[in-house]
Amino acid sequence: MRVEIHGHRGARGLWPENTLPGMSRAMELGVHALEFDVALTADRRLVLTHDLTVSAVTSADRRPLYADDPLFPYVGKAVNSLTLAQLRMLDVGVRLPRHPDDPFALTQVAMPETRMPTLGAVIGLANAYEAESVRLHVELKSDPTRPALTSDPAAFTEMVLEELERHGRLGNAAILSFDWRIIEHAARLAPGIPRFALIEPDTLHWHEAADADLPAAARDAGATTLSPQHVMVDEALTAHAATAGLDLVVWTVNDTALAERMLELGVSGVVTDYPDRMRELWRERGLELPVPVAPLRPVGV
């Protein structure tokens, strides 16, 4: 039986999220897919970041790009107001807990002086590993309720697809978004690429058509997979997804008991911050494990 393990933001519970070293280690651990987030900078570069404003939890100011930069400090500023060069001044390798119950600050290995990568750099990393067994799941961060922080969905989608194609990865990737306008554009521009309609209770109001039949609405928007937050998954949702002809990939599942419940409901994939925990559960249940990617060899070896 094949049920996939998707590394959330690489493997957020183990290594800094949305970073090159985090992606490297997740591939070496073994996942079916790397899930990560992208947004556009002020100078139209695609960078990995979960938040549309620079997060104080995952990013730390070190110094300005130049003396008296009026936008410094960069933490808290809109990503689309900063250039790639400004964002590259941030340290994104040390998680800074802002809540006492933040589990990731306790389990995540710090990697100080890690920089925010571009989408091209992540694709290049996967290609350097020759990681053909690992799909790249690119979540386009877009919020229709905050247009000042959000890129034009059509142009944004086209840029991401072009970058994947430029690096020869369009055939081994997927497009994900809570903003189903992205899904619609991806279906039109690249009908062969898998498309994940992300859903959670807090953003269901973005989709008027979803009031009647959520999976059918996602299918009609162009999705090939419905990807709900785990609190939404029950027998009824799995049945409706099957009727709509959609796979069901659940996020974010870090507890093995919850993962077992999701497996019993028949999901086709689990997005997790802890791929190591899921690998152990998969092994216990006799499920097909993703093959770890061999570490990169030093140049000249």
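**Cavities, pockets and helix 1**

Three cavities of 30 Å³ or more are present in the structure, which is a predicted model. The volume of the largest cavity is about 110 Å³. Its lining is made up of 15 residues, and those closest to the centre of this cavity are Leu48, Thr49, Thr58, Ser59 and Met116. Sorted by class, the lining of the largest cavity comprises six nonpolar, seven polar and two charged residues.

Open pockets were also examined. The largest pocket has a computed volume of about 630 Å³. A total of 34 residues line the largest pocket, and Arg9, His50, Glu139, Lys141 and Phe178 are the closest to its centre. Several strands contribute to this lining: at least two residues each are supplied by strand 2 (33–40), strand 4 (135–140), strand 5 (173–177) and strand 6 (195–199). The class composition of the lining of the largest pocket is 13 charged, eleven nonpolar and ten polar residues.

The second largest pocket encloses about 150 Å³ of space. Twelve residues line this pocket, and nearest its centre lie Trp180, Glu184, Trp206, His207 and Ala221. Two or more lining residues come from each of helix 6 (180–189) and helix 7 (214–220). Helix 6 provides the largest share of the lining of the second largest pocket, with three residues. By class, seven residues of this lining are nonpolar, four are charged and one is polar.

Helix 1 was considered separately. This helix spans residues 20–29, and its buried residues include Pro21, Gly22, Met23, Ser24, Ala26 and Met27. Among the elements that cover the buried residues of helix 1 are strand 2, strand 3 (46–48) and helix 4 (119–128). Strand 2 thus appears in two settings, as part of the cover over helix 1 and as a contributor to the lining of the largest pocket.

Both ends of helix 1 carry a local feature. At the N-terminal end, Thr19 acts as the cap, with a side-chain oxygen placed 3.1 Å from the backbone nitrogen of Gly22. Gly22 is also one of the buried residues of the helix. At the other end, Gly30 follows just after helix 1 and adopts a positive phi of about 115 degrees.

Definitions and conventions. Residues numbered from 1 in each chain as written. Predicted model: local features only at pLDDT ≥ 70, side-chain atom pairs only at ≥ 80, totals over all residues. Heavy atoms only, no water. 1 Å grid on protein atoms, 1.4 Å probe; cavity = no way out; pocket = protein on both sides within 12 Å on 5 of 7 lines; lining within 4 Å. Points joined across faces, edges and corners; volume = space filled by probe spheres on them. Helix = DSSP H or I, 4+ residues; strand = E, 2+ residues; numbered from the N terminus. Nonpolar A, V, L, I, M, F, W, Y, C, P; charged D, E, K, R; others polar. Buried < 20%, exposed > 50% of the residue type's maximum accessible area, 1.4 Å probe, protein only. Contact = heavy atoms within 4.5 Å. Polar contact = N/O pair within 3.5 Å; in protein donor to acceptor, adjacent residues only side chain to side chain.
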